[in-house]
Amino acid sequence: MATALRPSLFEDVPLRASAAARGMVYGCATSTFQLRDADFAAALVREAAIIVPEYEMKRGVIEPAPGRYDFSGADALAAFARGHGLQLRGHPLVWHKRNPDWLDDDALADGDESLLTGYIETVMSRYRGRIHSWDVVNEAIAPGEPGDLRRTVWLKRFGPSYIDLAFHAARSADPKALLVYNDWGCELGAPDNDRFRAATLAFLESALARRVPIDALGLQGHLGLQGPQVDQRKLRDFLGHVQTMGLRILVTEHDVDDSGGSPDIAARDQAVADASRRFLDVALDNRATIAVLTWGLSDRYLDRPDWRRLPLDANLKRKPMWRAMSAAFSA
Ligand code: XIL
């Protein structure tokens, strides 16, 4: 009888509870649009203890015209989080994508730092003391480029120190929020990923040596059934180095692209679950890992109805990925 019982023991425990039992926080990206769906909102509040806006805190949304701010979406998500006792992440303050059209090369031509630091101050002070962690800089690393830094308008106008500027501005804007450097590229086992890990470690080491206030590394965690897979040894070693630097680790945008998977849905769902488990077993095994967020909770809002990338299906039913995550938290 006991053996038969074991797996279902966790069946009824929401992910937020299994994560909490392990001293971690589980949550997901969502949007004001999704939260208008009462069934979905109920499933989210049941499963997640922290949320992050999928797009409502991106600069293109927040500052559509110079100095004209629209916090309506971000405020609504912050109010939802507060109303349901959820924590809230901020994402992203400095990125090369989803910026408003006016924030182009010309706008930054005179190197006016307030277009970087002033924005950070304005946005962070609005949510001061209410944010678990901010992705201060997102996707700045590009192995092989000069200084292994992505050629963005920020790099062009302010040089590599735009990253230092951003983190120092963030620290003074909200001393309580964990400041995160967020990126993809360190999860998988291909040679490109080896270079990405090496570039990321060098970037973090030199930034910390310059006393740039980075508190944590955000691993986006976008995986796929096709192409390179997670190499558990390489990932474990990498996270060990990050931990040794005294940094926390967050999985910030986990999902598994099921494109190219088996046409048999059960087999494809199981492959997605296995890929997620292989990744989480390593990430959760590192004591510096404090949070896991999936980039959404349910397949219901994915761009294509046949995509199955998240813990709950389009009918909000728990999938093998949910069980794999539950088992990983409970292992
Ligand atoms: C994506 C959103 O999911 C899309 O809806 C939007 O069109 C583009 O941005 N890395 C990130 C996220 O840091 O903000 C991105 O989110 C996905 C990749």
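This is a short dialogue on reading pockets, backbone angles and helix packing in a predicted model.

User: How does one look for empty space in a structure, and what volume does the largest pocket have here?

Analyst: Rolling a probe the size of a water molecule over the atoms shows where empty space is left. In this predicted model, the largest pocket has a volume of about 430 Å³. Its lining is made up of 23 residues, and those closest to the centre of the pocket are Asp255, Trp295, Leu302, Trp307 and Arg309.

User: Which helices and strands each supply at least two residues of that lining, and which gives the most?

Analyst: At least two lining residues come from each of α3 (32–35), β7 (222–224) and β8 (248–257), and β7 gives the most, with three residues. If you sort the lining of the largest pocket by class, you find eleven nonpolar, seven polar and five charged residues.

User: What can be said of the second largest pocket, and which residues are closest to its centre?

Analyst: The second largest pocket has a volume of about 320 Å³. It is lined by 13 residues, of which Lys58, Trp95, Lys97, Glu253 and Trp295 are the closest to its centre. Here the classes divide into three nonpolar, four polar and six charged residues. Notice that Trp295 is named both among the residues closest to the centre of the largest pocket and among those closest to the centre of the second largest pocket.

User: Turning to the backbone, where is Glu139 placed, and is Glu139 buried or exposed?

Analyst: Glu139 lies in the loop between β4 (133–138) and α8 (153–158), and although this residue is not a glycine, it has a positive phi of about 60 degrees. To judge burial, compare the relative accessible area with the cut-off, which is under 20% for a buried residue; Glu139 has 7% relative accessibility, so it counts as buried.

User: What phi does Asp148 have, and how exposed is Asp148?

Analyst: Asp148, which is also not a glycine, has a positive phi of about 55 degrees, and its place is in the loop between β4 and α8. Its relative accessible area is 28%, so Asp148 is partly exposed.

User: Finally, how should I describe the packing of helix α11 and helix α12?

Analyst: Begin with the angle and the distance: helix α11 (residues 232–244) and helix α12 (residues 265–285) pack at about 25 degrees, with their axes 9 Å apart. Because angles under 35 degrees count as roughly parallel, α11 is roughly parallel to α12. The last point to add is the handedness, and the crossing of α11 and α12 is right-handed.

Key: Residues are numbered from 1 along each chain as its sequence is written. This is a predicted model: local features need pLDDT of at least 70, side-chain atom pairs count only at pLDDT 80 or more; totals for chains, interfaces and linings use all residues. Side-chain values use heavy atoms; hydrogens and water are left out. On a 1 Å grid over the protein atoms alone, a cavity is a set of points where a 1.4 Å probe fits but cannot get out, and a pocket is an open set with protein on both sides within 12 Å along at least five of seven lines; lining residues have an atom within 4 Å of a point. Grid points are joined across faces, edges and corners, and a volume is the space filled by probe spheres set on the points. Helices (H or I, at least four residues) and strands (E, at least two) are DSSP runs, numbered from the N terminus. Ala, Val, Leu, Ile, Met, Phe, Trp, Tyr, Cys and Pro count as nonpolar, Asp, Glu, Lys and Arg as charged, and the others, Gly among them, as polar. Buried means under 20% relative accessible area, exposed over 50%, partly exposed in between (1.4 Å probe, protein chains only). Axes are lines fitted to C-alpha atoms, for helices over the stretch in contact, and angles run from 0 to 180 degrees between N-to-C directions. Angles under 35 degrees count as roughly parallel, over 145 as roughly antiparallel, 65 to 115 as roughly perpendicular and the rest as oblique. A crossing is left-handed if the near helix is turned anticlockwise from the far one by less than a right angle, and right-handed if clockwise.
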